[in-house]
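Student: I would like to learn how to read a helical model, one feature at a time. Where should we begin?

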Amino acid sequence: MPNTTINVQQALGLRVRELRAERGVTQEEFAERCGVFRTYMSRVEAGKANPTLTMLYVFAEALSVSIQELLEWPTVTHVPKVRSKEKLSRGRVSK
């Protein structure tokens with residue numbers, strides 16, 4: 001564990017975000033791929049949720065990595081935001 005200033009849940013969240021960003025996938029798109037709400041994915045990436053083993057396998061499959069790769073300690077401390085290529089509807093109707 002290279003960085004001991006973060007706990008295991010925070011490390012997992014950072015790793016998920018790192019892998020997701022490398023693939024150019026937004027948090028919303030990734031949550032949809034995994035069949036979860038974006039708010040849950042946000043909590044995972046913030047280190048505030050403790051995903052089940054089943055969810056770890058779902059994350060790994062959606063990222064096209066092995067469980068071992070998913071559980072590696074993150075190599076970065078900050079991951080830039082990924083922007084969607086298309087405008088997403090938030091349920092608002094434009095006039």
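The dialogue below goes from the overall fold to helix contacts, a helix face and a ring pair.

Tutor: Keep in mind that this is a predicted model. Begin with the list of elements.

Student: How many helices and strands are in the chain?

Tutor: The chain has five helices and zero strands. Read from the N terminus, the order is α-α-α-α-α.

Student: What share of the residues is buried?

Tutor: Of the 95 residues in the chain, 35% are buried, where buried means under 20% relative accessible area. The chain exposes about 6,700 Å², and carbon and sulfur atoms supply 51% of that area. As for contacts between residues at least 6 apart in sequence, 67% of them join residues at least 24 apart.

Student: How is the packing of two helices described?

Tutor: In general, two numbers are used: the angle between the axes and the distance between them. Here, take helix α1, residues 8-22, and helix α3, residues 38-45. Their axes come within 7 Å and cross at roughly 115 degrees.

Student: Which residues of α1 and α3 make the contact?

Tutor: On the α1 side they are Q9, G13, L14, V16, R17 and R20, and α3 contributes M41, V44 and E45. Sorted by class, this contact has four nonpolar, two polar and three charged residues.

Student: Take E45 of helix α3. Is E45 buried or exposed?

Tutor: E45 counts as buried because its relative accessible area is 10%, and the cut-off for buried is under 20%. Setting aside neighbours within four places in sequence, E45 is in contact with G13, L14, V16, R17, R20 and Q27.

Student: And E18, which lies in helix α1: buried or exposed?

Tutor: E18 has a relative accessibility of 4%, so it counts as buried. E18 and E45 are 27 residues apart along the chain, and 9.4 Å separates their C-alpha atoms.

Student: Now the next helix. Which residues of α2 are buried?

Tutor: Helix α2 spans residues 27-34, and its buried residues are Q27, F30, A31 and C34. Looking down the axis of α2, these residues fall within an arc of 100 degrees, so they line one face of the helix.

Student: Which exposed residues are on the face of α2 turned away from the buried side?

Tutor: That face carries E32 and R33, both exposed.

Student: What covers the buried residues of α2?

Tutor: The cover includes α1, α3 and α4, the last being residues 53-63. Just after α2 there is also a backbone detail to look at: G35 takes a positive phi of about 75 degrees.

Student: How is a pair of aromatic rings described?

Tutor: The general description uses the distance of the centres and the angle of the planes. In this case, a search of the whole structure finds one aromatic pair. The ring centres of F30 and F59 are 6.0 Å apart and their planes are at 45 degrees, so the pair is tilted.

Student: Where in the chain are F30 and F59?

Tutor: F30 is in helix α2 and F59 is in helix α4, 29 residues apart, and the pair links distant parts of the chain.

Student: Are these two buried or exposed?

Tutor: F30 is buried, with a relative accessible area of 1%. F59 is also buried, and its relative accessible area is 0%.

Conventions:
Residues numbered from 1 in each chain as written. Predicted model: local features only at pLDDT ≥ 70, side-chain atom pairs only at ≥ 80, totals over all residues. Heavy atoms only, no water. Axes fitted to C-alpha atoms, helices over the stretch in contact; angles between N-to-C directions. Helix = DSSP H or I, 4+ residues; strand = E, 2+ residues; numbered from the N terminus. Contact = heavy atoms within 4.5 Å. Nonpolar A, V, L, I, M, F, W, Y, C, P; charged D, E, K, R; others polar. Buried < 20%, exposed > 50% of the residue type's maximum accessible area, 1.4 Å probe, protein only. Arc of directions from axis to C-beta. Phe/Tyr/Trp six-rings, centres within 6.5 Å; stacked < 30°, edge-to-face > 60°. Areas by Shrake-Rupley, 256 points an atom, 1.4 Å probe, with all protein chains shown as cover.
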